[in-house]
Amino acid sequence: MLIQVIIVLIIVGVVLWLVNNYIPMDGKIKSILNAVVIIVVILWLLQAFGLLSGVGI
């Protein structure tokens, strides 16, 4: 399970880096996108490790 978490984090990080560097967007939109991705990843990690239950992500 830990390897899967690490692989998902690497993939999400690379995709976010690619979007930030190669897709032209306004700075505000990039900031919002980054914040949303980070919040979703944190919630997913909390649920994956059993610290957050009852949230359907």
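This is a quick briefing on a predicted model of one protein chain. Residues are numbered from 1 along each chain as its sequence is written, and side-chain values use heavy atoms, leaving out hydrogens and water. Because the model is predicted, local features need pLDDT of at least 70 and side-chain atom pairs count only at pLDDT 80 or more, while totals for chains, interfaces and linings use all residues. In short, you're looking at two helices and zero strands.

**Overall build**

- The helices are DSSP runs of H or I with at least four residues, strands would be E runs of at least two, and numbering goes from the N terminus.
- The radius of gyration of the protein chain is 13 Å, whereas a compact globule of 57 residues would sit near 10 Å. That radius is taken over C-alpha atoms, and the globule rule is 2.2 Å times the number of residues to the power 0.38.
- Along the principal axes, the C-alpha atoms fill a box of roughly 35 × 25 × 10 Å.
- Just 9% of the 57 residues are buried. Buried here means under 20% relative accessible area, exposed means over 50%, and partly exposed is in between (1.4 Å probe, protein chains only).
- The accessible surface comes to about 4400 Å², with 77% of that belonging to carbon and sulfur atoms. Areas come from the Shrake-Rupley method with a 1.4 Å probe, and for residues only the protein chains shown count as cover.

**Helix 1 (residues 2–22)**

- With 21 residues at 1.5 Å each, helix 1 should span 30 Å, and its end C-alpha atoms are indeed 30 Å apart. The expected span is 1.5 Å times one less than the number of residues.
- Val 5, Leu 16, Val 19 and Asn 20 are the buried ones in helix 1. They cover an arc of only 95° around the axis, so they end up on the same side of helix 1. The arc is that of the directions from the helix axis to the C-beta atoms.
- Flip to the other side of helix 1 and you'll find Ile 3, Gln 4, Ile 10 and Tyr 22 exposed.
- Helix 2 is included in what covers the buried residues of helix 1.
- Asn 20 touches Lys 30 and Asn 34, leaving aside neighbours within four places in sequence; contact means heavy atoms within 4.5 Å.
- Asn 20 and Asn 34 are 14 residues apart in sequence, yet their C-alpha atoms are 8.6 Å apart in space.

**The aromatic pair**

- The count is one aromatic pair, and Trp 17 and Tyr 22 form it edge-to-face, at 5.9 Å centre to centre with 90° between the planes.
- Rings of Phe, Tyr and Trp (its six-membered ring) pair if their centres lie within 6.5 Å; planes under 30 degrees apart are stacked, over 60 edge-to-face, and the rest tilted.
- Trp 17 is partly exposed at 47% relative accessible area, and Tyr 22 is exposed at 59%.

**The loop between the helices**

- Met 25 is found in the loop between helix 1 and helix 2, and counts as partly exposed at 28% relative accessibility.
- Beyond its neighbours within four places in sequence, Met 25 is in contact with Val 19, Lys 30 and Leu 33.

**Helix 2 (27–48) and what follows**

- The 22 residues of helix 2 should span 32 Å at 1.5 Å a residue, and the end C-alpha atoms agree at 31 Å apart.
- Leu 46 is in helix 2 and is partly exposed at 32% relative accessibility.
- Leaving aside neighbours within four places in sequence, Leu 46 is in contact with Leu 51 and Leu 52.
- Gly 50 follows helix 2, and its phi is positive, near 80°.
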